[in-house]
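Work through the exercises below with the coordinates open. Each task is followed by a solution in steps.

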Amino acid sequence: MKIISLQFISLVVFLTLTVSSCKNLADLNVNPNGVNPATAHPNLVLSTVLTETGRAFVNLGYQDIAGVMQHTQKDGWSGAHNDYEWGGSQSWSEYYDILRNNQYVYDRAVALNFELHQGIALVMKSMLFGLVTDLWGDAPYSQALKGELGGAENTFPVFDTQEAIYTGILADLEKANTLLSKAKSAYNSNAESADVYYKGDPAKWRKLANSLALRYYMRISSKKPDVAKAGIEKIVANAAQYPIITASADDAAMPFAGNSNADSWPANTTYDATESNYRRLKMADTFVKALLAINDPRLAVWANKVQIPLVVDATLPAKTDKIVDGKRYLSPDQVAGKEVNTDPNYVGLPTAIVGGSTYNLSQTGEQAAKNPHVSWLNDIYRAAKGPLLKARLMSASEVNFILAEAAQKGWAAGDAKARYEAAIKNSLETWGVGGAYAAYIAQKDVAYNGTQKQIIEQKWIASWTAATEAWFDYRRTGFPQLIAGPNAKRKVLPVRFYYMLDERNLNKANTDAALNRLELTPYSEADGKNSAWSKPWVLQSTGTPW
């Protein structure tokens, strides 16, 4: 019996160890540091949605679209920036990646009945799909973000028309306005830790939702003026039901953490030992001259003065070229037949010129040259972070400019002059020069003159580092009246991005259908329908910008 007992005990121990071991092996298949998508809190993904969106917007508005809108020009690796040499190089994959994460936030918020997160996700969906359709035209929308469901219709989604996408955006923003209408304490969720824009404040998100609606109503104003007018007037007439951004403190502006290159201001020198990304960006001649003409105090915030001004002196002996007390003195024969800008303070790089690295007699002609005779960007843009270094997605200045334009059209949107002046004041305050407002607005060429041209030109100035919105305004209005440079791919500015090669190959039938809805123009040329100079729906038959 004793032996039997020992055998029994041994068997029990063996089985116990075996079962225990199997259980432990199963446990090893669960990553203790991982996140289960089925149970995760949406905050874990929301922060990624917001930060990646901020980076995406500033990478457009501070980089190549700033070149299109002639805020800046490059004197090295300049083809895409100065000359519109795009081809199919731009891809919407980044935006759809963010949208997929955002859809997860929304779906989890629905499952958990988190209305705050639902509202935020709808605002971000609207902002991102708005950007996609603004940049390309028709795009996957109603069938997008469903690839995990399988089937051809989800794997190769149809391209919704641009008109349908704008309609969907406005409907989502209306829904977001309702979801975000409660006091913060009334929500059973909190987004404060994840929300790098507003720290989970539903009132500010609600203002952003309605401000974006103003943006998109104005976007379609040339195509559907009655819809745009009714939408803007509804928002303005019902301030309690549709609050909007009217103060700079409510701007959707994302600061940068500056802990690594991935979360820092683009083209900073903190993580770029060569500083070439910073050095190749120069102030554009178009922008500098526009700001100088109206004594704009923001110029000193955005640009450095030239390091070594040029002085052409007719009293100097022939062949004189010397630097004295920080100035480069030249006799007239040294500049004969050359374009020279002798402004002692600010000099911009002309648009899309050949040999930009040697402009204004620069003696260093390599890529990203250290040209001391052209204005570089202000030293604040060398940094990885700073109080003025923010991704600016929507501002009180933009809202007031939209309403000024609406009022200028004769719509019930307030007083056009007051809105215009408020927009300028918002921008000056944002850039730390609010004290100059009274003198600035009193100037003849700044004081409101009742024209759309003036409103849009001031809005263009205020869009510094957020030039993408200025591009969309330019397409719609033709203002400011910009001229392509001699080295540019076409004689006029582009109006959209090309559909990329991968999409044309992998989703050919749907891409072809979208291409066929684009409008050929005289500037489409050899690119055919898929040209940066073919017009999407929002521009067709409008006569703008050319």
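**Cavities, a helix and a buried threonine**

By class, 16 nonpolar, nine polar and nine charged residues make up the lining of the largest cavity. The model is a predicted one.

**Exercise 1.** Find how many cavities of 30 Å³ or more there are, and describe the largest cavity.

*Solution.*
1. The count comes to two cavities of 30 Å³ or more.
2. The largest cavity has a volume of about 390 Å³.
3. Its lining holds 34 residues, and those closest to the centre are Arg 392, Ser 395, Glu 398, Ser 463 and Ala 466.
4. Elements that give two or more residues to this lining include helix H2 (43–61), helix H6 (115–136), strand E9 (390–394) and helix H14 (396–408).
5. H18 gives the most to the lining of the largest cavity, namely six residues.

**Exercise 2.** Describe the second largest cavity by volume, lining and residue class.

*Solution.*
1. The volume of the second largest cavity is about 30 Å³.
2. Arg 219, Phe 472, Arg 475, Arg 476, Val 538 and Leu 539 line the second largest cavity.
3. Sorted by class, this lining has three nonpolar, no polar and three charged residues.
4. H18 again gives the most, here with three residues.

**Exercise 3.** Place Thr 468 in the secondary structure, then decide whether Thr 468 is buried or exposed.

*Solution.*
1. Thr 468 lies in helix H18 (residues 467–477).
2. The cut-off for buried is under 20% relative accessible area.
3. Thr 468 has a relative accessible area of 7%, so Thr 468 is buried.
4. Leaving out residues up to four places away in sequence, Thr 468 touches Phe 57, Leu 60, Gly 61, Ile 65, Leu 131 and Leu 135.

**Exercise 4.** Compare the reach of H14 with its expected value, then list which residues of H14 are buried and what they pack against.

*Solution.*
1. H14 has 13 residues and spans 18 Å from its first C-alpha to its last, close to the 18 Å expected at 1.5 Å a residue.
2. Twelve of the 13 residues of H14 are buried, and the helix is mostly covered.
3. The buried residues are Ala 396, Ser 397, Glu 398, Val 399, Asn 400, Phe 401, Ile 402, Leu 403, Ala 404, Glu 405, Ala 406 and Ala 407.
4. The buried residues of H14 pack against H9, helix H10 (225–237), E9, H15, H17 and H18.
5. Just after H14, Gly 410 has a positive phi of about 100°.

Note on methods
Residues are numbered from 1 along each chain as its sequence is written. This is a predicted model: local features need pLDDT of at least 70, side-chain atom pairs count only at pLDDT 80 or more; totals for chains, interfaces and linings use all residues. Side-chain values use heavy atoms; hydrogens and water are left out. Helices (H or I, at least four residues) and strands (E, at least two) are DSSP runs, numbered from the N terminus. Buried means under 20% relative accessible area, exposed over 50%, partly exposed in between (1.4 Å probe, protein chains only). Contact means heavy atoms within 4.5 Å. On a 1 Å grid over the protein atoms alone, a cavity is a set of points where a 1.4 Å probe fits but cannot get out, and a pocket is an open set with protein on both sides within 12 Å along at least five of seven lines; lining residues have an atom within 4 Å of a point. Grid points are joined across faces, edges and corners, and a volume is the space filled by probe spheres set on the points. Ala, Val, Leu, Ile, Met, Phe, Trp, Tyr, Cys and Pro count as nonpolar, Asp, Glu, Lys and Arg as charged, and the others, Gly among them, as polar. The expected span of a helix is 1.5 Å times one less than its number of residues.
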